[in-house]
Amino acid sequence: MLFGKKSGIKNRNRERYDRIRRLMWIKCESCGRLVYYKDYKTNHYICPRCGRAFIMTPKQRFDLLFDNNEWSRIKLPTVSDDPLGFVDRVSYRERLDDARAETGYNDAITTADGIIGGIPTTICVLNGDFMLGSMGRAAGDGIVASMEHAIELKQPFIMVTCSGGARMQENILSLMQMARTTVAVNKLHKNGIPYIVLLTDPTFGGVTASFAMLGDIHIAEQGARIGFAGRRVIEQNIREKLPSNFQTADYLYEHGMVDMVVPRSELKAKLEKILAVLTKQPHTPKSINVATPNTDNKKVRGLGENDAYDKVLLARNENRPHFLDYINGIVEDWTYLAGDRLFGEDPAMCGGIGYWRGIPAVIIGQEKGRTIETRQLHRFGMPNPEGYRKAQRLMRLAEKFNLPLISLFDTAGAFAGSAAEERGQSQAVAASIATGLNIKTPYVAVNVGEGGSGGAIAIGTGDRVLMLENAIYSVIAPESCASILWKDNKFKATAAAAMKLTARDMADLNVVDQIIDEPAGGAHTDWQTTMELLASAVSEHIQELQQIPVDELPTRRAEKFLAMTRDVEIYAPAHDAEEH
């Protein structure tokens with residue numbers, strides 16, 4: 001039969017058809033195609049044709065993230081409707097009534113308790129289907145009450161955002177929610193509650209400019225659009241066409257605003273790993289099992305001039321393990337954390353959380369890269385200011401959760417470039433030194449290769465400073481020293497010997513606390529043994545430091561560095577000539 005509309009007669013068959021069609025099919029806003037509802041639901045509410053992620057309801061979010069789809073809603077405070085008596089084309093009261101009828105929720109905030117990976121957790125969802133998740137008094141009160149609820153129960157808090165920003169119909173009362181929710185976030189941080197923000201599509205305006213960008217860890221859902229002002233507003237303002245990836249999740253990752261971009265199907269597993277480390281769940285370490293890469297064993301030019309310069313060449317050996325090699329070999333349940341929250345993500349400075357031989361920890365360090373492509377990506381291990389500011393952020397993360405900080409430094413120095421100077425390279429290095437000296441958590445720093453100048457000490461001010469046997473530590477490269485003082489680079493080996501830059505020299509000068517042995521021939525010849533020795537040494541020092549009250553650590557650390565260089569001859573430890 002035809003589903004046309006007869007004049008003067010309400011066609012109920014047509015209404016029934018439209019209702020069934022809406023339940024069976026969804027039109028994708030991105031590709032415009034109809035998606036069979038069953039396929040759409042099975043695919044985590046993502047268009048199977050183009051990959052566009054649809055807005056999920058709070059119930060769908062809870063079912064996705066909580067174990068076994070089991071959760072219980074918490075009661076949130078209610079507020080009066082329409083405090084300003086706002087009317088545009090229709091009254092604000094009518095808009096609220098329509099949104100409630102359409103979504104089945106009282107306002108944009110819904111919160112529930114449940115279990116994620118065995119860890120009791122509170123999740124608060126900003127519902128994009130309710131007036132585009134805009135934030136008014138009800139949403140603000142709901143967020144504040146939800147955070148206070150998590151503090152009371154002493155359990156992690158996850159904020160899932162989906163919002164166009166502030167609610168215009170409440171004007172200044174909506175604007176004040178930015179301050180009110182920030183007060184609640186500060187309480188979370190003060191009480192040591194893990195605060196994870198999951199940014200979904202779309203998240204804009206006053207939401208991003210308040211609680212959504214103040215998390216310990218920021219996760220952007222793949223495909224999400226995130227920003228402050230809308231794209232159209234910015235283009236009109238600057239009268240320029242913006243890049244196609246502007247304000248996408250990947251764009252924010254590149255610019256240091258989020259720690260990771262995660263597909264919806266992988267969110268639960270990622271949260272389980274993060275929460276396990278932040279809440280210090282017990283973890284049984286597995287044995288290290290790593291293979292040493294095959295090399296062509298080509299002769300290294302310059303070897304044999306003297307012992308000091310031989311150490312320089314061993315420290316720089318291209319087959320020596322680097323930061324990410326140590327992470328892959330030693331650390332379990334590793335989660336890479338990105339960005340300085342100010343400007344960018346610097347691949348030269350890596351960091352994240354994981355289990356170091358069963359110890360939950362924050363681990364940072366420079367990565368040099370191994371292939372031509374990765375060396376260029378990681379800038380040969382020479383960080384920009386944003387790399388050091390990321391390190392500071394992770395130092396503070398370690399302090400908040402009383403997680404040991406492990407630093408594996410290996411760099412020729414901070415990157416020397418005009419852009420780095422413009423963005424404050426000196427300040428970034430100085431602030432990293434200061435932050436490392438002040439954090440109230442065990443801090444073990446290890447020189448695993450090249451300890452070059454301020455770029456190295458920026459993440460080298462630990463309670464204990466260790467050094468691999470063939471690593472070096474110096475204020476300048478011996479080649480540069482020879483060029484400046486001897487006026488000829490050929491005196492580089494002479495300069496190396498004069499500078500006293502080897503691990504043995506550092507121990508004699510009271511700069512390092514322990515030299516970690518390397519396999520015969522150097523770390524590059526046997527990764528397995530190197531990593532076992534390194535992992536054990538660091539673990540032992542962490543366990544010793546964990547016996548000291550954390551409030552005492554900064555004072556002891558300060559005294560340790562103040563004592564360095566005073567009366568060097570007096571402090572120099574005795575050693576046999578046959579030692580390293």
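A surface patch is here a group of residues with over 30% relative accessible area and no salt bridge, in which nonpolar side chains are joined within 5 Å. The exercises below apply this and related criteria to a predicted model.

**Exercise 1. A nonpolar patch**

Determine which residues form the nonpolar patch that includes Met24, and how methionine 24 is classed by accessibility.

Solution. Step one is to list the members: Met24, Trp25, Leu34 and Tyr36 form this patch on the surface, and together they have about 360 Å² of accessible area. Step two is to place methionine 24 in the secondary structure, where it belongs to helix H1, residues 12-24. Step three is to class the residue: the partly exposed range lies between under 20% (buried) and over 50% (exposed), and methionine 24, at 36% relative accessibility, therefore counts as partly exposed.

**Exercise 2. Two helix pairs**

Work out how H3 is oriented to H9, and how H5 is oriented to H6.

Solution. Begin with helix H3 (residues 58-65) and helix H9 (residues 267-278), whose axes are 8 Å apart and which pack at an angle of about 60°. Because of that angle, H3 is oblique to H9. The residues that meet are Arg61, Leu64 and Leu65 from H3 and Leu267, Lys268 and Leu271 from H9.

Continue with helix H5 (residues 137-153) and helix H6 (residues 171-190), which pack at an angle of about 5° with their axes 9 Å apart. Angles under 35 degrees count as roughly parallel, and H5 and H6 are therefore roughly parallel to each other. The residues making this contact include Ile143, Val144 and Met147 of H5, and Thr181, Ala184 and Val185 of H6.

**Exercise 3. A pair of residues separated in sequence**

Establish where alanine 558 lies, and how far it is from asparagine 438 in sequence and in space.

Solution. Alanine 558 is part of helix H21, which covers residues 553-563. With 33% relative accessibility, alanine 558 counts as partly exposed. Its separation from asparagine 438 is 120 residues in sequence, while the C-alpha to C-alpha distance is 8.3 Å.

**Exercise 4. The chain as a whole**

Describe the protein chain by its secondary structure, burial and contacts.

Solution. First, the protein chain contains 22 helices and 17 strands, and its C-alpha trace spans about 105 × 50 × 45 Å along the principal axes. Next, of the 580 residues, 52% are buried, and carbon and sulfur atoms supply 52% of the roughly exposed total of about 27,300 Å². Finally, of the contacts between residues at least 6 apart in sequence, 72% join residues at least 24 apart.

Note on methods:
Residues are numbered from 1 along each chain as its sequence is written. This is a predicted model: local features need pLDDT of at least 70, side-chain atom pairs count only at pLDDT 80 or more; totals for chains, interfaces and linings use all residues. Side-chain values use heavy atoms; hydrogens and water are left out. Patches are made of residues with over 30% relative accessible area and no salt bridge: like charges are joined within 9 Å, nonpolar side chains (Val, Leu, Ile, Met, Phe, Trp, Tyr) within 5 Å. Accessible areas come from the Shrake-Rupley method with a 1.4 Å probe; for residues, only the protein chains shown count as cover. A salt bridge is a side-chain nitrogen of Lys or Arg within 4 Å of a carboxyl oxygen of Asp or Glu. Helices (H or I, at least four residues) and strands (E, at least two) are DSSP runs, numbered from the N terminus. Buried means under 20% relative accessible area, exposed over 50%, partly exposed in between (1.4 Å probe, protein chains only). Axes are lines fitted to C-alpha atoms, for helices over the stretch in contact, and angles run from 0 to 180 degrees between N-to-C directions. Angles under 35 degrees count as roughly parallel, over 145 as roughly antiparallel, 65 to 115 as roughly perpendicular and the rest as oblique. Contact means heavy atoms within 4.5 Å.
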